2 protein chains.
Amino acid sequence: MPEFRYLTLADEIEHSIRCGTYHAGERLPSIRKWRAKTQLSISTICQALLELERRGMIASRPKSGYFIRPLREQILPPPQTRQTETKPGSVTINNLAFAILEAMGDPEILQLGGSVMSPELMPGKALARCVKSVSQDRLAGLIAVYEHPMGHLGLRRCLAQCYTALVNGIQAEDILITNGCFEAVATCLRAVAEKGDVIVVESPTFPWYLQLIEDLGMLALEIPTDPTDGIDLSALKSALDHNSVKAAVFNSNFQNPLGFVPPDDKKRALVRLFNERQIPIIEDDIYGELYFGRSRPSTLKSFDTRGLVLYCSSFSKTLAPGLRVGWCMPGRFLEKVRRLKLYLSISSPTLTQEAVYRYLSQDVFERHLRKLRTKLQRQMADMTLAVARHFPKGTRISAPQGGLTIWVQLDRRVDSLELFRRALKTGIAVLPGIICANTDAYRHCIRISCGLPFDEYLDNGVRNLGTIIAETISVKPASVGS
Amino acid sequence: MPEFRYLTLADEIEHSIRCGTYHAGERLPSIRKWRAKTQLSISTICQALLELERRGMIASRPKSGYFIRPLREQILPPPQTRQTETKPGSVTINNLAFAILEAMGDPEILQLGGSVMSPELMPGKALARCVKSVSQDRLAGLIAVYEHPMGHLGLRRCLAQCYTALVNGIQAEDILITNGCFEAVATCLRAVAEKGDVIVVESPTFPWYLQLIEDLGMLALEIPTDPTDGIDLSALKSALDHNSVKAAVFNSNFQNPLGFVPPDDKKRALVRLFNERQIPIIEDDIYGELYFGRSRPSTLKSFDTRGLVLYCSSFSKTLAPGLRVGWCMPGRFLEKVRRLKLYLSISSPTLTQEAVYRYLSQDVFERHLRKLRTKLQRQMADMTLAVARHFPKGTRISAPQGGLTIWVQLDRRVDSLELFRRALKTGIAVLPGIICANTDAYRHCIRISCGLPFDEYLDNGVRNLGTIIAETISVKPASVGS
């Protein structure tokens, strides 16, 4: 990617803000002053300021210019690492998680729990045009036969092109289409492990991984994970040395729920640890395209030299979850995954695959993604500030550079499950941290979704949540050591 | 259903033919003679003759009137029952079956193997109009959210209406939408049994049930099954008494591969056997609507008094397999199945469900089914006659009153796998009977699909098959007892 002048300027200004040259609430120097200072064109300077606004660093006030917004770090510290025990255990969260997920499906509820996005963020009209075009030409012939178990060839070719820079030498033949990322991960996990096997996950992790592990009768081995740079490699190494681990399931970028992206060196070291031991990694990269920075984060699969990374993703967070179009690149397990998919549902529907294929063929996906990232970044900044405004002192919060959700660590006196139940009665759903681990380590944490455009209604919801939390704390004595 | 005069007349004439009053090749009395004999109107008599033509009993010859076609029973005897051992066993057909299914997917091959239908038999245009109408109004909103894990409510209501007469008191809340019938059966089986459990199947059975059982590490208990009226109840009872059976998987109507429908009394007795022992039955009724007789055969579920029948079906044989819209009514296992579906793929795609919902709302499904049944009956009659013409003496053949496939029992010297391989080289695929059981009992049988309109090309294919079979027999000595 070429280096744009406006980006360089934006970076410089951001750096100044972070260094304290400018403080929250101050007015930023005018465009004229920046012009004099930098010799850049007015249009370049305007672009830089827009970029900073996009990053949530500054806000424009009509007729007054740009003002510095409070840095998240200045107002709320990041969540803390928990030292959880690293012993494999049977998972027993399904009854609880199922009840919570059920409640989260209610359309009358303000959904701050699920990692879903507002329909306005999706390219619904463009997709509708694609579906219409399918209905007008090849539909009858397309749906009258079973799709190939590997999936729609054109779509797989498009995907192979998308991944050229992310996964070395990937071809359409390496990609298998699934009913969403869930089916991809579930099928890959079944391909490499069975009942009783030990599966490594991060702590906290995406609740559904635990549910899947429980459903398949496997054991979860939870590894302490840092909220800013990911899994603890030495704890992981020790866990691998002391347990017969069959596989790992990792959310590689903008990890759900913490939101971190491990640096490339760490990703490389992580993959090497597993490669050396011949242990497969199931990589769920569903948030990879939702980056707020300048470039897409790397995949674990790009560091895999032995075909042991089974990469999974979908269009559910970028185009439309209701399409249920996901895929996997199972590396050396392709044949096994392919069979499992065949036994499971023969193949995925042709209609949805053809519609997505036509959409991708129009070369508008990247433009849509750019808009989507900008909106998500703004929504997340607004949600973060709202939490800072309305939640009691002592709240800690993650600062992801992409993805859809933030992780909020509350006072230890707060029981997230109790909070979930009380909030639900007032019409708000959050995801209680308790289902993000098989232990009790995250009982005082919640995950909040930033998929909805921020408005007064949402701000009110966050305020109400804050009030409930404050009430909870006030009636309980502070516990020792909290 | 009201009793139509033309049907009564058609039944009477069919009875006369079957009793030998008229013989194959003879000319049927003229319309004028029937009029004098019955006092019915010419139009009623013409309808009766069309009905008989539809049933494959007579054929019209231009300017000569109607001639009696040979009865299938007159030319080829039905296949024989095999006494297979009824002991549970690990299944080991997947490698073989997978290779066979792979070969059957080749579009250059004359597909007499898969139970698929020609696109012309499907209502492609009407479905395309439905898809177009979805693309023009609600699409963006529909696909921007995850569908409810139970599936599209409107579609489930339509299905509940369809099943009113077939399953007592069924409601939309009892029905769960799946990615085709495969996913329905696989999910239901996982809901009631696990690795190591014993599952009852018919012998021969649909190969994919065996593949699924193998994939899930379960054991298959194959029960002798009569080609004309189904499973041997006393063998079944004894097997249930002597084994700890966890579940059964039955294709309830037009069983794949044999094509039989058990009489209602037998279905009732079958369900009672399982009900008494509290053992669940997974009923796959995917062919139930493809009946050639006057009314739809009953479901096993209609005889179930304890919520122990998990009913599965789909639109793959009636509307379009590429839509992947199936469903199940899991009875008392609904909650479990619902969870498994959620862990597996969250939900099925909204677009395809909405399209089918709109199609069903137009009240054209039953008319389409009537046309489809007529065409299939004709295709099956033609295929049966072609097999009779071209296959060597000693061939036995099933005479299903519905469904898509016929079961052909060849001389014992024929190895169906060898036949499959040789036929494939000449561009023809059949399904070798060897993968319809875990034993060797059906090595000399094949299943032939009647899903394609019969023409010279197909007739040639059957002739070539017959030649290969004759060659195989001629080079092998007759085995003792064959």
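This passage describes the surroundings of strand E7 of chain B and the contacts of B:Ile448 in a predicted model.

Strand E7 of chain B, spanning residues 219-226, is largely enclosed by the rest of the structure, because six of its eight residues are buried, that is, they have under 20% relative accessible area. On the parallel side of its pairing, E7(B) is joined by six bridges to strand E6 of chain B, which comprises residues 198-203, and within this pair B:Val198 stands opposite B:Leu219. Between these two strands the chain passes through helix H10 of chain B (residues 207-215), and the resulting β-α-β crossover from E6(B) to E7(B) is right-handed.

Antiparallel pairing is also found for E7(B). Strand E3 of chain B, formed by residues 89-90, runs antiparallel to E7(B) and is joined to it by two bridges, with B:Ser90 placed opposite B:Leu219. Strand E8 of chain B, formed by residues 230-231, is likewise antiparallel to E7(B) and joined to it by two bridges; here B:Asp226 stands opposite B:Gly230, and a hairpin of three residues connects E7(B) to E8(B).

In soluble globular proteins, nonpolar side chains tend to be buried together. In the present model, the largest nonpolar core contains 259 residues, of which A:Ile448 and B:Ile448 touch the most other members. When neighbours within four places in sequence are left aside, B:Ile448 is in contact with B:Leu112, B:Met383, B:Val387, B:Phe391, B:Leu404, B:Thr405, B:Ile406, B:Val408, B:Val430 and B:Leu465.

Technical notes. Residues numbered from 1 in each chain as written. Chains lettered and ligands numbered in written order. Predicted model: local features only at pLDDT ≥ 70, side-chain atom pairs only at ≥ 80, totals over all residues. Heavy atoms only, no water. Buried < 20%, exposed > 50% of the residue type's maximum accessible area, 1.4 Å probe, protein only. Helix = DSSP H or I, 4+ residues; strand = E, 2+ residues; numbered from the N terminus. Pairing = 2+ DSSP bridges. Right-handed = clockwise from strand over helix to strand, strands pointing away. Core = buried A, V, L, I, M, F, W, Y, C linked by side-chain atoms within 4.5 Å. Contact = heavy atoms within 4.5 Å.
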